[in-house]
Amino acid sequence: MNKSDLKPACVFEHFAKINQIPRPSKREEKMIAYLKEFGESRGLETIVDATGNVLIRKGATSGYENKDTVILQSHMDMVCEKLVDIEFDFDNDPIQTYVDGEWLCAKGTTLGADDGIGCAIELAILDSNDLEHGPIECVFTRDEETGLTGAEGMEPGFMTGNMLINLDSEDEGQIFISCAGGRTTFAKFAFNREKAPADHFFMSASIKGLVGGHSGDDINKKRANAIKILARFLYIVQEKFGVRLAKFNAGKLHNAIPRDGKVVFAVPAQAKEEVRAAWNVFTTNIEEEFHVTEHSMQFAMESADAEPVIPVEKSTKIIQALQAIDNGIFAMCQDEALAWMVETSSNVASVETTDNAISVVASQRSNVMSALDNQAFTIKALFQLAGAEVTQGDGYPAWKMNPDSKLTALAVETYRKLFNKEPKVLGIHAGLECGLFSEKYPNLDMVSFGPTLRGVHSPDERLHIPTVEMVWNHLLEILKNVPVKE
C-alpha cells in the first residue's frame, strides 16, 4: 500500500493538510486560523469562542431538514514527542508521514492522528456535497492533551445539538459510552545547591527506547516507566553506598508513560566499581522483568563531570518519594461486567531538575470520583511527607454511562448492519472531553469512537489505514439515520 491508495481519499487529503500545520497543545493558533478560514471560505457559519474552540455549522441536505442536529467533535492539538536523537521543531516543522504496510506512521515523531484524524473526518464532511445528513455542528476543541482546557472553557450554549459523536477513540469496533476522570499532582522540592563533595566520583545513568504510551489507555500493559526504573536504582545505591544527587530528568508530558531519562549523581570514590557492577546486575534484572513488553530498552552508565549537588537530606527524600510513589494500576472495576477495565491508576510522568528545584508531575485517573480523590490525596500526602510543596489541579470529571442513550442504540444498530458483527460497547480508562461536556450539557446524548491507533503519545504512534474507511462509513450511516426532532 502507498499513499495514493489511502481511502477515503477525502479524509486522508485533509489529514495531510492538517499535518502541515504546527499545533502543539496550548499553541494551536495556526490551527485555529486554518479552521476559521476553512469554514468562512465555504460560506459556513464559523464561530471561535473566547477559549479558542472552533465551531462550524453545516445545514441539512435536502430531505433531512427535520433531523436532530448532530455535533461531531475532535480536539485540534497533538502530543509532541520525538526520538531523543532527532532534530524536530514542533512549532514550525510539518509532520513527515510514511506508509508501512497497512499503517500510516511518522518519521521519528508522534503522528498527530490523535486527534488529527478526527479533525480530518469532520473537515471532509464539511467539504462534501454528496452526503446525506441533517444539521451538523463540527466542533474542534483546543488543548485537550494538557488539561482539557478547551472543553473546560467552553461556555454552555456554544453547541446547540442534542447528540454528540466524539471522534477521539482509538480502537475501531469499540463504541465508548463512559470515561475516567483525572487529576494532576505537581510536587516541587526546592533547595540551595552545595559544592561538589570531595572524594566522590560522578557518574550518569540513563535509559531510553522504552515503549511508553498513553498513561490511561496503556497503564494496564505492564510497560516500563523510565522514572521508576532510575529511582529504583538510585534507591538501591543510596541504601548501600550513599548518593549525592545532582540531576534527575525524565519524561515530558503529564499524560504519557515516560520513555527515557537520565540521572547524574556522585558516590564515594572507593565505591564506584561496585556501583557499576550493581548497575549491570540491575539492568539485567530489569530486562528480564519487562521482557514481554520492552524489546528495545537501552541502558548506559558513564563517568560525569563534577558539579554542585542537592543537599543530602533533600536528595534522600526525593529518591525515597520516587521509589515509594504509586505507579500503575491501583484498582480494577468492581462491576462484574467491567472487571476487565482499570478503575483507578496513577502515572509518575515527569521529573525536571533546575538550578534550585526538582519538579515532579504525576497524573491520577479513576472512573469513580471518590476513588480519584483518594488516589490524588495519597500521592499528595506522600510528597508532603517528603517535604515537597504540592499543588493539584481541579482535574476533570468522569463521564457516566447513559443506559437510555438513543445514540448508543443507533451506533450499535448501524454498525451491525454495515459489518454484520457486533461492536463492543465499553467504558475507557482514559479521559475524554465528554466528561466535561456532560457537566455543561447534562442532556447531551454522547458516544465516542474512532479508527485504530497504536503507540499514541509516543514516536511509535501509527494509524491503521483500513479502519479509517470503516469509521467513515459507520459515521455516514449514523448521520443518515438520525431520528427526527421530537
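The exercises below, each with a worked solution, concern a predicted model.

**Exercise 1. Classify the ring pairs that Phe233 forms with Phe265 and Trp279, and place each pair in the fold.**

Solution. A pair of aromatic rings is described by the distance of the centres and the angle of the planes. Step one is to take Phe233 and Phe265, whose ring centres are 6.4 Å apart and whose planes meet at 65 degrees; planes over 60 degrees apart count as edge-to-face, so this pair is edge-to-face. Step two is to locate the partners: Phe233 belongs to helix α5 (residues 226–240) and Phe265 to strand β12 (residues 261–268), so the contact ties together parts that are 32 residues apart in sequence. Step three turns to Phe233 and Trp279, with centres 4.9 Å apart and planes at 75 degrees, so that this pair is edge-to-face. Here helix α5, which holds Phe233, is tied to helix α6 (residues 272–289), which holds Trp279, across 46 residues of sequence. The last step is to consider the surroundings: Phe233 is buried at 1% relative accessible area, Phe265 is buried at 0%, and Trp279 is buried at 3%. Phe233, Phe265 and Trp279 form one aromatic cluster together with Phe282 and Phe299, and the whole structure contains eight aromatic pairs.

**Exercise 2. Determine which strands pair with β12, and describe the surroundings of β12.**

Solution. Begin with strand β10 (residues 200–208), which runs antiparallel to β12 and is joined to it by eight bridges; within this pairing, Phe201 stands opposite Val267. Phe201 also has a charge over its ring, since the charged end of Lys272 sits 4.6 Å from the ring centre. Next, take strand β11 (residues 244–250), which is joined to β12 by six bridges, again in the antiparallel sense, and in which Lys247 has Val264 of β12 as its bridge partner. Finally, count the buried residues: seven of the eight residues of β12 are buried, so the strand is largely enclosed by the rest of the structure.

**Exercise 3. Compare the settings of two salt bridges, Asp127 with Arg42 and Lys247 with Glu307.**

Solution. Side chains of opposite charge can pair when their charged atoms come close. For Asp127 and Arg42, the N to O distance is 2.6 Å, and the pair links distant parts of the chain, with Asp127 in helix α3 (residues 113–127) and Arg42 in the loop between α2 (29–41) and β1 (46–48), 85 residues apart. Asp127 is partly exposed at 33% relative accessible area, and Arg42 is partly exposed at 35%. For Lys247 and Glu307, the N to O distance is 3.9 Å; Lys247 lies in strand β11 and Glu307 in the loop between β13 (298–303) and α7 (312–324), so parts that are 60 residues apart in sequence are tied together. In this pair, Lys247 is partly exposed at 35%, whereas Glu307 is buried at 18%.

**Exercise 4. Work out the strand order of the sheet that contains β5 and β21, and locate the contacts of Trp103.**

Solution. The sheet is open and has four strands in the order β4-β5-β21-β20, with antiparallel pairing. Its edge strands are β4 (97–100) and β20 (453–454), each of which pairs on one side only. Between β5 (residues 103–106) and β21 (residues 462–464) there are three bridges, and Trp103 has His464 in β21 as its bridge partner. As a last step, look at the face of the Trp103 ring, over which Arg462 lies at 5.3 Å from the ring centre.

Definitions and conventions: Residues numbered from 1 in each chain as written. Predicted model: local features only at pLDDT ≥ 70, side-chain atom pairs only at ≥ 80, totals over all residues. Heavy atoms only, no water. Pairing = 2+ DSSP bridges. Helix = DSSP H or I, 4+ residues; strand = E, 2+ residues; numbered from the N terminus. Phe/Tyr/Trp six-rings, centres within 6.5 Å; stacked < 30°, edge-to-face > 60°. Buried < 20%, exposed > 50% of the residue type's maximum accessible area, 1.4 Å probe, protein only. Lys NZ or Arg CZ within 6 Å of the ring centre and 35° of its normal. Salt bridge = Lys/Arg side-chain N within 4 Å of Asp/Glu carboxyl O.
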